[in-house]
Amino acid sequence: MQINSNFDSGNIEVIDASSPQQVLLAIRADLNSAHFQWFHFQVSGLQPGQRYGFSLGNAGQSSYKNAWSGYNAVASYDQVNWFRVPSRFENGALNFDIEPLHAQIWFAYFEPYSRERHALLIEDAQRLAGAELFACGKSIEGRPIELLRISRNPQAQRKIWLIAQQHPGEHMAEWFMQGVIERLQQRDDAELNALLEQADLYLVPNMNPDGAFRGHLRTNVAGRDLNRAWQSASEADSPEVYFVQQQMRAVGVDLFLDIHGDEEIPHVFAAGCEGNPGFSSRLAALDKEFRDQLMAIGAEFQTTFGYTPDQFGQANTTLACNAVGLEFDCLAFTIEMPFKDHDDRPNPHTGWNGARSMQLGKDVLSVAAAMVGKLR
């Protein structure tokens, strides 16, 4: 049996693999940061039908140690079809067993979105969805931060921004963006065409490519949490945010969506910027309508569970949602998807996954189309 994580988004350390029934592992921390939670590794040389057991012994010291309760790891034999493996959080370790059907298998914290797939997504956006590469920044390690624009009407007045995967372990965020880009390929979509008559879309499918490639949970290679850098972004340690802010200030923002994943809460939800000092009755009405519309169209979304709303004037404006909402006086949301499942519509086989993230991206475009005329 061989265990390998030396690949795109791989993360694991082998502590003791002498017993196939109890392989002892540890999750590696982000470079220059104490954060850790994301794991992704391959096991090969297996005997189909034999039981193997894996134990991530430092799970209880991870960034979100309470997240492991009710969580099941994901696995795949082909890196295409992912399924949940019943898992147990016991004595500070995440444990799971499997009798594999094939000689090799991959395990991960969530269905990974690879850099290879990312490159194809950028290509498809330009070739099939009519996007242009509006601008391109660089991460600390030199990876591209692509800003795509979809503009079909030169007279369109509104600017709608979607960014994803500031936290690199939240791979559901780029699956969401794939859903957005796939829907943009449909030229006979009446809702979408109505939206693009009035608005240009600005998309950043992956804000943190270095962290995603390295198997980080939370930070870039400088150890910066990009979603805490929106009041202090610099070209030195957070060029990813710095680049996007400069582009926003050149273009303007009328609606901003920051796409994330939440480790603990088994529901899809949104966090607004109601704590901003500039949060007005106009923005409050738009905030409510956005949430109501998303539920009304039958999207996998709910408003019962989520973060405790900030009190007026008490927002943390280092967060992208609050910073952009405040600076541009616009409707702004963080959309959170679960690492576990959307318990309102549970699917024990897959839990929340890439396909469901993609559908949510498509559904959000319907809400944007319904609301575009009211954004200002």
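**Exercise 1. Work out how much of the chain is buried, and what its outer surface is made of.**

Step 1: Start with burial. In this predicted model, 59% of the 376 residues count as buried.

Step 2: Turn to the outside. The chain exposes about 14,400 Å², and carbon and sulfur atoms supply 47% of that area.

Step 3: Add the charges. There are 30 positive and 46 negative ones, and their mean positions sit 3 Å apart.

**Exercise 2. Describe the overall build of the chain, from secondary structure to dimensions.**

Step 1: Count the elements. You get eight helices and 17 strands.

Step 2: Check the compactness. The radius of gyration is 21 Å, close to the 21 Å that the globule rule gives for 376 residues, so the chain is as compact as a globular protein of that length.

Step 3: Look at the extents. Along its principal axes, the C-alpha trace spans about 65 × 45 × 40 Å.

Step 4: Ask how far along the sequence the contacts reach. Take contacts between residues at least 6 apart in sequence: 75% of them join residues at least 24 apart.

**Exercise 3. Decide whether Cys 273 and Cys 321 are bonded or unbonded.**

Step 1: Get the distance. The sulfur of Cys 273 has its closest cysteine sulfur in Cys 321, 4.5 Å away.

Step 2: Compare that with the cut-off. A disulfide needs the two sulfurs within 2.5 Å, so at 4.5 Å this pair is too far apart for a bond.

Step 3: Check from the other side. Cys 321 is in no disulfide either, and its nearest cysteine sulfur is that of Cys 273. A search of the whole structure agrees, with zero disulfides found.

Step 4: See where the two cysteines sit. Buried means under 20% relative accessible area. Cys 273, at 2%, is therefore buried, and Cys 321, at 3%, is buried too.

**Exercise 4. Place Gln 165 and Asp 329, two non-glycine residues with positive phi, and say how exposed each one is.**

Step 1: Take the angles. Phi is about 60 degrees for Gln 165 and near 50 degrees for Asp 329.

Step 2: Find them on the chain. Gln 165 belongs to the loop between β13 (158-164) and α2 (172-184). Asp 329 is in the loop between α7 (320-328) and β17 (331-338).

Step 3: Read off accessibility. Gln 165 has 0% relative accessibility and so counts as buried. Asp 329 has a relative accessible area of 35%, which makes it partly exposed.

**Exercise 5. Find out which residues Gln 47 meets from elsewhere in the sequence.**

Step 1: Locate Gln 47. Look in the loop between β4 (40-44) and β5 (52-56); with a relative accessible area of 49%, Gln 47 is partly exposed.

Step 2: List its contacts, leaving aside neighbours within four places in sequence. That gives Tyr 52 and Pro 100.

Step 3: Compare sequence with space. Met 1 is 46 residues away along the chain, yet the C-alpha atoms of Gln 47 and Met 1 are separated by 8.8 Å.

**Exercise 6. Do the same for Asp 124: where is it, and what does it touch?**

Step 1: Locate Asp 124. Helix α1 (residues 115-127) holds it, and at 22% relative accessibility Asp 124 counts as partly exposed.

Step 2: List its contacts, not counting residues up to four places away in sequence. Asp 124 touches Ala 129 and Gln 185.

Step 3: Add a C-alpha distance. Between Asp 124 and Glu 182, 58 residues apart along the chain, the separation is 8.4 Å.

Terms used: Residues numbered from 1 in each chain as written. Predicted model: local features only at pLDDT ≥ 70, side-chain atom pairs only at ≥ 80, totals over all residues. Heavy atoms only, no water. Helix = DSSP H or I, 4+ residues; strand = E, 2+ residues; numbered from the N terminus. Rg over C-alpha atoms; globule rule 2.2 N^0.38 Å. Buried < 20%, exposed > 50% of the residue type's maximum accessible area, 1.4 Å probe, protein only. Contact = heavy atoms within 4.5 Å. Areas by Shrake-Rupley, 256 points an atom, 1.4 Å probe, with all protein chains shown as cover. Lys, Arg positive; Asp, Glu negative; His and termini not counted. Charge placed at Lys NZ, Arg CZ, Asp CG, Glu CD.
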